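Grab a pencil and work through these exercises with the model open next to you. Try each task before reading its solution.

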2 protein chains.
Amino acid sequence: MSSARQTRQREVIVQVLQGAEGPLSAPELLARAQATLPGLGTATVYRTLKLMQEEGQAHAVHLDGEPMYESSGRGHHHHFSCNSCGKVFSLHSCPVALPNGTVYPGGFVVEGHEVTLYGRCPACAASAVPASQPVLT
Amino acid sequence: MSSARQTRQREVIVQVLQGAEGPLSAPELLARAQATLPGLGTATVYRTLKLMQEEGQAHAVHLDGEPMYESSGRGHHHHFSCNSCGKVFSLHSCPVALPNGTVYPGGFVVEGHEVTLYGRCPACAASAVPASQPVLT
DNA sequence: CTATTTGCAAACCCTTTGCGCTGGT
DNA sequence: ACCAGCGCAAAGGGTTTGCAAATAG
């Protein structure tokens, strides 16, 4: 039982993830970490991410189909994805009243849930752009 | 403004999607459609899927990070993904009380939401298998 | 007949894996 | 010294794109 060695790359990856304002995709995380550790390899990020998840230090959320990661310990929360600017925000109140263990109608035992709200963030809602059609040419 | 020609492949794709019991991934959809139309190409499926989404005939949901598609017009619902057998079920009651247009604390204007519950489906909950490790060989 | 649509194959992500070398402990 | 961990590069899986041939209107 010796695993989990302390290496510079893990240190940096953890720091970047903890310092992020929201969830990061693996490539984003890689890019940010490379700012500090230029030689960092892709595989290391994925391996470390997997490790952190197994240890419960981080967990994945799926936003718009893309897996993103955030460090644990920010409490239960969900995300809001802006349809206009694409930014992702964390919501600190949970619109779902489903404690794990709840049995949902039909006999489904709930062990977790993921909620994502889509819409317009305060900034985009303010800039009175009423249309919601993506701009096509 | 002439688009949307009626072709055999689109006809089949639409039929498969509408006849599906739940959301399908693109590869699954492709496979099922090929049963009827052996020569069908991958690209056609993706192109048709994109087209259908633009026309509102279909929409994508993200389950466990995988994009899946379902035909519209089945009403608002969400999904339950079984941690044990991996099957996906449709839930007909919505655990979120957030009509579109709602303004969420902080000024977030909600235009849509996606909810996925994870846990054990009735069948798996019944077969008293407490472990959750996927079976590997 | 003309513009759209198709199938094929190549191109593109993103993620995982194999492998020899580096570096914790 | 030993072995976990690293970087590189190749492999893998899903999705997108370029292009010539096929086809709907």
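Below are four exercises on a predicted model, each with a worked solution.

Before you start, some housekeeping: residues count from 1 along each chain as its sequence is written, while chains are lettered from A and ligands numbered from 1 in the order in which they are written. Because this is a predicted model, local features need pLDDT of at least 70 and side-chain atom pairs count only at pLDDT 80 or more, whereas totals for chains, interfaces and linings use all residues; side-chain values use heavy atoms, with hydrogens and water left out.

**Exercise 1. Work out the strand order of the open three-stranded sheet in chain B.**

Step 1. Get the terms straight: strands (E, at least two residues) and helices (H or I, at least four) are DSSP runs numbered from the N terminus, and two strands pair if DSSP finds at least two bridges between them.

Step 2. Start with E1(B), residues 24-25, which pairs antiparallel with E3(B), residues 66-71, over two bridges. Here B:Leu24 sits opposite B:Tyr69, and B:Ser25 has B:Met68 as its bridge partner.

Step 3. Now take E2(B), residues 58-63: six bridges tie this strand to E3(B), again antiparallel. B:Ala58 faces B:Ser71. In the hairpin of these two strands, with two residues between them, B:Asp64 has a positive phi near 60°.

Step 4. Put the pieces together: the order is E1-E3-E2. E1 and E2 of chain B are the edge strands, as each pairs on one side only.

**Exercise 2. Find out how A:Phe108 and B:Phe80 are arranged, and whether they are buried or exposed.**

Step 1. Rings of Phe, Tyr and Trp (its six-membered ring) pair if their centres lie within 6.5 Å; planes under 30 degrees apart are stacked, over 60 edge-to-face, and the rest tilted. The structure has four such pairs over all chains.

Step 2. For A:Phe108 and B:Phe80, the centres are 4.6 Å apart with 50° between the planes, so call the pair tilted.

Step 3. Since A:Phe108 belongs to E7 (108-120) of chain A and B:Phe80 to E4 (78-82) of chain B, the pair joins two chains.

Step 4. Both residues are buried, meaning under 20% relative accessible area (exposed is over 50%, partly exposed in between; 1.4 Å probe, protein chains only).

Step 5. One more for your notes: A:Phe80, A:Phe89 and B:Phe108 make up one aromatic cluster.

**Exercise 3. How much area do chain B and chain A bury between them?**

Step 1. Buried area is the accessible area (1.4 Å probe) that two parts lose on being put together, summed over both. The answer is about 2,600 Å², with 61% of it on carbon and sulfur atoms.

Step 2. On the chain B side, B:Tyr104, B:Phe108 and B:Glu111 lose the most area, together 23% of what that side buries.

Step 3. Count contacts (heavy atoms within 4.5 Å): 31 residues of chain B meet 31 of chain A.

Step 4. Look for salt bridges (a Lys or Arg side-chain nitrogen within 4 Å of an Asp or Glu carboxyl oxygen). There are two between the chains; B:Arg120 makes one with A:Glu111, the closest N and O atoms being 3.3 Å apart.

Step 5. E7(B) gives the most to this side of chain B, with 13 residues.

**Exercise 4. Which residues does A:Val109 touch?**

Step 1. Locate A:Val109 in strand E7 of chain A. This residue is partly exposed, at 22% relative accessible area.

Step 2. Leaving out residues up to four places away in sequence, its contacts include A:Gly101, A:Thr102, B:Phe80 and B:Arg120. The remaining ones are A:Val103, B:Tyr118, B:Gly119 and B:Ala125.
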